[in-house]
Amino acid sequence: MCRDSFTALFFTINMAKAKDNIQLQTMEQEDLRERAVVVAVIRDGQPVEQVEEFLGELEFLAETADIVTVRRFTQRLPQPSSRIYVGPGKLEEIAAYCEENEIDVVIFDDELSPSQTRNIEKEMPCRVIDRTRLILDIFMSRARTAYAKTQVQLAQYEYLLPRLAGMWTHLERQRGGTGTRGGAGEREIETDRRIVRNRISKLKEELTKIDRQMAVQRSNRGSMVRVALVGYTNVGKSTLMNLVSKSEVFAENKLFATLDTTVRKVVFDNLPFLLSDTVGFIRKLPTQLIESFKSTLDEVREADLLVHVVDISHPNFEEQIDVVKQTLREIGAGDKPVYLVFNKIDAYTYEKKDEDDLTPATKRNMSLEDMKKSWIAKANTPCIFISAVERMNIDKLRSDLYGMVREIHAGRYPFNNFLY
């Protein structure tokens with residue numbers, strides 16, 4: 001065997017060893033991650049496919065929190081049980097599976113009431129969390145600035161306060177005697193409630209102070225036209241922000257990669273405007289977070305134009321559009337002019353219909369061109385189809401944005417139109 005052959009063989013063996021080591025390290029890392037099962041109720045009249053899509057999103061949330069999902073549990077009920085969310089038999093089945101397979105956490109797709117959580121925890125051999133708690137944990141891990149951390153901490157404490165009772169059911173009265181607060185004694189839960197309420201008050205004071213500072217910052221920007229990127233989480237807003245503003249905003253293929261609002265000055269053909277990237281919305285976004293992020297969402301409320309970014313490759317993108325519209329209405333920005341940007345056309349896939357198939361076209365078997373025609377015909381707002389990653393149709397996007405910003409600017413400064 002010649003020297004070159006030995007070299008090639010040696011290289012191949014080393015590559016195989018390296019591959020095995022990488023696989024082993026990956027397996028070891030996965031072993032260290034928490035293992036979870038996810039649970040959802042299929043309500044009467046609700047398609048099973050929709051619930052499966054919702055659980056897929058819940059699993060993506062879990063993955064973002066570094067949790068491995070190993071199984072899904074669903075049960076069809078008119079409404080979730082007010083006592084244990086699912087039926088008694090299903091709860092026993094989930095508990096048995098968790099004990100047998102050493103599951104670390106059970107994640108429910110809805111927000112559980114304090115009593116539901118307590119009742120379920122009595123039956124489970126592992127930790128129990130709901131969708132709201134999972135999202136709050138993700139927000140806490142994703143918060144980069146002191147402001148974002150303060151916002152999330154406030155939401156966490158407000159979520160925690162009504163649930164303290166379940167955490168201290170094992171404690172007896174710990175204080176008593178003459179001169180002590182409460183006279184006959186005070187349970188530790190009452191002490192903790194007071195601590196949490198004081199912490200909530202302090203955090204609200206801190207946020208109020210920061211809100212005033214941010215309001216001053218916004219007022220100092222003058223009267224430049226403001227454009228805000230909005231949309232469901234993980235649709236590519238930050239990638240588009242980087243592309244349009246030529247900046248380096250943190251972007252990652254995970255949910256809630258961006259929590260802090262980023263504002264950049266952009267200039268198209270001597271026409272300046274402000275472009276902001278905001279936190280992504282999601283189905284069943286916890287009300288505590290909406291309240292805590294009010295100041296962050298002021299960038300959306302005060303914007304002159306909303307660029308609604310949509311992931312057209314997502315099978316449920318139309319429902320995501322509705323979620324964003326509903327959230328915009330809830331924060332008082334539902335009447336803003338909107339530019340609809342369908343992103344990720346490079347990842348769009350569909351099931352091609354047979355030529356002799358006469359059934360009506362659906363979003364699952366509609367080609368991209370047919371989808372474009374459908375949305376252009378029915379959309380009440382301007383829309384465009386792009387790929388931010390592949391930079392497809394970006395020049396048209398820039399041209400459209402320039403035209404819209406110029407129109408707003410012309411209405412605000414009618415005597416400066418000759419400049420553009």
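## A walk through the fold

Residues 24 or more positions apart account for 69% of the contacts in the protein with a separation of 6 or more. Keep in mind that you have a predicted model open. Colour by secondary structure and you get 14 helices and 10 strands. Switch to accessibility, and 44% of the 420 residues count as buried.

**Stop one: the cores**

In soluble globular proteins, nonpolar side chains tend to be buried together. To see that here, select Ile-107, Leu-240, Leu-328, Tyr-339 and Leu-397: these have the most contacts inside the largest nonpolar core, a set of 66 residues. Now add helix α14, residues 394-412, which gives the most to this core with 6 residues. There is also a second, separate core of 21 residues; pick out Val-37, Tyr-85, Ile-103 and Phe-108, which are among its members.

Back in the 66-residue core, centre the view on Tyr-339. What does Tyr-339 touch, leaving aside residues up to four places away in sequence? One stretch to show is Leu-305, Leu-306, Val-307 and His-308. Another is Pro-382, Cys-383 and Ile-384. Finish with Lys-396, Leu-397, Asp-400, Leu-401 and Met-404.

**Stop two: a pocket**

From Tyr-339, hop over to His-308, one of the residues it touches. His-308 also lies nearest the centre of the second largest pocket, along with Lys-325, Val-338, Asn-380 and Thr-381. This pocket has a volume of about 340 Å³ and a lining of 17 residues. Show β8 (305-311), α12 (317-330), β9 (338-343) and α13 (368-378), the elements that give two or more residues to that lining. Of these, α12 gives the most, with 4 residues. Colour the lining by class and you'll find 8 nonpolar, 4 polar and 5 charged residues.

**Stop three: Asp-109**

Last, jump to the loop between β3 (105-108) and α4 (114-123) and select Asp-109. Is this charged residue buried or exposed? It counts as buried, because its relative accessibility is 3%, and the cut-off for buried is under 20%. Turn on side chains and look for Arg-131: its side chain makes a polar contact with that of Asp-109, at 3.2 Å.

Then bring up the rest of the surroundings. Beyond residues up to four places away in sequence, Asp-109 touches Val-39, Ala-40, Phe-54, Leu-55, Leu-58 and Tyr-85, as well as Arg-131, Arg-283 and Lys-284. You have already met Tyr-85, as a member of the 21-residue core.

Methods. Residues numbered from 1 in each chain as written. Predicted model: local features only at pLDDT ≥ 70, side-chain atom pairs only at ≥ 80, totals over all residues. Heavy atoms only, no water. Buried < 20%, exposed > 50% of the residue type's maximum accessible area, 1.4 Å probe, protein only. Polar contact = N/O pair within 3.5 Å; in protein donor to acceptor, adjacent residues only side chain to side chain. Contact = heavy atoms within 4.5 Å. Core = buried A, V, L, I, M, F, W, Y, C linked by side-chain atoms within 4.5 Å. 1 Å grid on protein atoms, 1.4 Å probe; cavity = no way out; pocket = protein on both sides within 12 Å on 5 of 7 lines; lining within 4 Å. Points joined across faces, edges and corners; volume = space filled by probe spheres on them. Nonpolar A, V, L, I, M, F, W, Y, C, P; charged D, E, K, R; others polar.
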